[in-house]
Amino acid sequence: MAENLATPGATRYGIRTRLRRFGWRYPEWWVVAAAAAGWVGMALTSHSHTGHTGTESGHLGCALEVVVMVTAMMLPLAVANVRHVALSSFWRRRHRAIVAFLVGFLGLWMLVQAGIVLTRELLTPLVGWVTVLVAGTAAAVSWELSPIKRRRLRRGHRTVALAPRGWRADSDCARYGVTTALACVTTCWALMAASAALSHSLVAMALIFGVQLNGRYQRRPSPLLATLAVLTAGLLSLVMGLPLHHHADVALRGVG
Amino acid sequence: VHERHDIWELSEADPWDPTIEWYARAVAALQEKGFSDPTGWRYLAAIHGTDDNELPRSLWPRGATWDECQHFSWFFLPWHRIYLHYFEQVVRRTVADLGGPDDWALPYWDYSDPNRPDVRKLPPAFREQRTPSGDPNSLLVERTGRVPSVNEGAKLWRRDVSLDAAMAEQFFTGPGGIAEFGGPATGWNHAGGTIGTLEGTPHGNVHVRVGGFMGGFDTAGLDPVFWLHHANIDRLWEVWLGQQGGRANPTQNGWLNAWFKIGSGASAVTLRVRDVLDTRQPPLEYFYSNVSLPEPVRDAVIATLDAAAPLSREEEPMPRDISPEMVGASEESVALAATPTEVEVEVGAPAGPAFFGDAGDQPRKVYLKVENIVGTELTAPNYLVHVDVPPGEDPTEYEDRLAGQVPMFGVRESSRPDDEHGGSGLTFSFDITGVVRRLRDTGEWDPERLRVTFTPDDAGEEKEGDVSVGRVSLFYA
């Protein structure tokens with residue numbers, strides 16, 4: 001026990017103790033780990049949705065894409081909120097409170113992202129992937145330049161009072177997750193639409209993610225810089241998409 | 001290197017000492033300038049705050065760095081230091097342009113010296129109708145711009161200007177949302193974190209007690225005394241460091257390398273926090289005429305520190321890398337009224353790493369947190385927070401159970417979701433270890449239940465407000 005109570009620096013801790021202390025200090029650690037896992041998932045699946053429209057594996061792929069994309073790109077934006085929830089809860093409820101928050105936060109985001117991906121899947125056969133890509137990029141650029149986006153950025157930083165016990169504690173955390181997600185959707189929906197349109201390019205999505213992080217954590221996110229990043233992402237995605245979609249078209253014609 | 005003087009020392013010799021009179025002339029000149037001039041009075045005040053709903057960002061002057069005051073954050077002190085530096089340069093140039101000396105320096109209003117109770121009055125030049133030359137006095141703010149009694153020479157209350165809690169702090173910042181001297185570690189922050197101890201009292205108290213313009217982020221800089229008040233807060237940072245005993249500025253790069261730009265155009269100033277830690281060095285080049293702690297305050301700080309010593313395991317240092325553990329919180333938000341308002345907190349057993357000792361072990365430290373205070377209309381400018389006052393008793397009779405004060409400075413702005421504010425409101429935390437020790441010694445400490453009382457600290461007329469406290473919580477460390 002004495003080891004747990006000692007001051008850091010006074011004792012050389014073993015790796016287990018150090019990990020445990022890290023977990024005490026940063027109860028949000030596993031949310032960050034989940035987001036990192038999401039990026040690994042995105043790296044593995046970023047090419048897979050091209051050419052599967054309408055098939056059973058295509059539906060599964062889209063569902064997986066929604067889950068992985070929201071986990072990877074949205075969780076890092078909510079880390080401060082997750083930390084607030086954990087530190088404002090009883091010690092034994094810290095991780096339960098985080099889970100309740102994530103149910104609200106991810107639940108709403110996944111619904112929204114499912115709508116975005118469904119729209120992409122419906123539009124792509126009708127107007128072509130290039131048009132969808134251009135539309136997604138244009139939507140993101142327009143939203144980045146709009147004053148409404150800037151006006152709403154700070155709402156994602158809001159903290160709220162949480163009931164300490166029982167179902168009210170859980171529902172408060174979940175409700176806080178939903179309100180945080182609402183603020184986040186208002187500012188990020190267009191970037192997530194662009195991500196869905198560019199999702200065959202991991203580099204393009206990483207650029208979009210950079211714009212999101214900048215908006216969340218920078219003092220004065222520059223709309224012009226964001227626009228430039230989104231346009232670069234769109235262009236990259238277009239260049240990288242051409243051979244991919246060409247192969248997918250060839251494969252589909254071969255099946256037909 | 002310029003010397004910033006105590007305005008009351010200057011005033012006692014001559015209420016219109018040249019430093020003060022030139023300040024009045026410069027303020028009058030700056031007030032003549034348009035709001036888009038980065039050296040104009042309205043522009044200077046808007047850097048601290050402006051209501052985006054009243055003046056949309058699209059109408060701001062090009063490149064304006066408005067509405068950027070850093071509060072509830074470890075950037076509170078360095079941001080305001082850079083802001084004052086910019087202001088002082090503007091006034092110094094203006095004084096020189098008007099034919100005055102070219103070495104003018106901003107005086108400070110030290111209202112906390114118990115040996116000189118009159119310093120709690122607004123300095124006389126700020127209350128006069130006219131300057132010695134017979135011109136209207138630009139330092140006087142009338143009507144709704146200031147509480148009338150302050151202009152009539154009423155003293156700030158002794159509690160408003162108390163330095164005991166702030167000077168007793170031993171750390172600039174801490175983990176887990178518990179306030180220390182300089183505020184919590186945050187990113188760019190206009191509101192949302194726990195309020196630092198110095199920022200609460202005396203800083204917030206003086207703002208709301210002078211009232212009017214001084215009572216809100218968006219208007220505070222319009223009152224010429226704002227700048228002298230903040231010069232004193234800046235001085236108190238030096239006083240705190242001068243106490244030593246391990247008191248030191250943060251060493252994290254996230255703090256040291258943060259930069260702030262004040263103003264725009266040729267006069268703009270961009271400085272990192274690390275550039276402004278030694279005030280005698282360029283670019284600041286100033287010092288305060290007095291950075292010592294008055295003897296009675298020093299004694300009070302020692303008494304506060306003794307009372308707040310760890311309740312248990314004193315031989316073991318506090319684990320600074322683990323955030324305090326919440327052990328109880330109120331269930332509902334509560335409206336703050338014109339009469340004392342009570343909140344009950346059910347306290348649970350601690351279960352975190354600080355309590356991996358024997359069952360029933362005592363905490364080292366106890367903190368009370370008052371979270372998410374929101375509202376648009378104030379019933380009172382300040383509330384006293386007491387713990388475990390017997391039901392029906394007058395809390396103000398129980399000075400030894402005073403946990404802290406909740407000045408409402410910035411409550412309107414921080415409750416308003418807009419460009420710069422998330423709408424979280426104000427959050428305070430108080431070290432109540434000393435209060436708990438006294439209650440325990442008299443057998444009145446109930447480890448399972450805490451009663452917290454909010455008492456309006458205002459002699460004025462009753463007003464109907466809408467301010468509420470989101471939650472009251474108890475933390476052990």
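Me: Is B:Cys69 buried or exposed, and how do I read that?
Reply: Look at the relative accessible area: for B:Cys69 that value is 0%, so the residue counts as buried. Bear in mind that this is a predicted model.

Me: Staying with cysteines, how many disulfides does the structure hold?
Reply: In general, a disulfide is a covalent bond between the sulfur atoms of two cysteines. Over all chains here, the count is zero.

Me: Why is there no bond from A:Cys184 to the closest cysteine sulfur?
Reply: That closest sulfur belongs to A:Cys188 and sits 4.5 Å away, which is too far for a bond. A pair has to come within 2.5 Å to count. A:Cys184 is also buried, because its relative accessibility is 10%.

Me: What about empty space inside: how many cavities of 30 Å³ or more turn up?
Reply: The general trick is to roll a probe the size of a water molecule over the atoms, which shows where empty space is left. Across the whole structure, the search finds six such cavities. The largest has a volume of about 130 Å³.

Me: Which residues lie nearest the centre of that largest cavity?
Reply: Our friend A:Cys184 is there, along with A:Leu77, A:Gly156, A:Thr187 and A:Arg216, out of 15 lining residues. Two elements of chain A give two or more residues to the lining, α9 (166-197) and α10 (202-217). With five residues, α9(A) gives the most. By class, the lining has seven nonpolar, six polar and two charged residues.

Me: And what surrounds those helices in chain A; how many helices and strands are there?
Reply: Chain A has eleven helices and zero strands. Of its 256 residues, 48% are buried. Among contacts with a separation of 6 or more, 81% link residues 24 or more positions apart.

Me: Let's turn to the backbone. Where are the cis peptide bonds in chain B?
Reply: As a rule, most residues other than glycine have a negative phi, and most peptide bonds are trans. One cis bond joins B:Thr201 and B:Pro202, with omega about 15°, and B:Pro202 is in helix α7 (residues 197-210). Another joins B:Pro282 and B:Pro283, with omega about 10°. B:Pro283 is in the loop between β3 (269-272) and β4 (286-288).

Me: Where is B:Gln244, with its positive phi?
Reply: Its phi is near 60°, and the residue is in the loop between α8 (225-242) and α9 (253-256) of chain B. At 56% relative accessibility, B:Gln244 is exposed.

Me: Is B:Asn372 buried or exposed?
Reply: Buried, at 7% relative accessibility. B:Asn372 has a positive phi too, near 50°, but its place is in strand β8 (residues 366-374) of chain B.

Key. Residues are numbered from 1 along each chain as its sequence is written. Chains are lettered from A and ligands numbered from 1 in the order in which they are written. This is a predicted model: local features need pLDDT of at least 70, side-chain atom pairs count only at pLDDT 80 or more; totals for chains, interfaces and linings use all residues. Side-chain values use heavy atoms; hydrogens and water are left out. Helices (H or I, at least four residues) and strands (E, at least two) are DSSP runs, numbered from the N terminus. Buried means under 20% relative accessible area, exposed over 50%, partly exposed in between (1.4 Å probe, protein chains only). Contact means heavy atoms within 4.5 Å. On a 1 Å grid over the protein atoms alone, a cavity is a set of points where a 1.4 Å probe fits but cannot get out, and a pocket is an open set with protein on both sides within 12 Å along at least five of seven lines; lining residues have an atom within 4 Å of a point. Grid points are joined across faces, edges and corners, and a volume is the space filled by probe spheres set on the points. Ala, Val, Leu, Ile, Met, Phe, Trp, Tyr, Cys and Pro count as nonpolar, Asp, Glu, Lys and Arg as charged, and the others, Gly among them, as polar.
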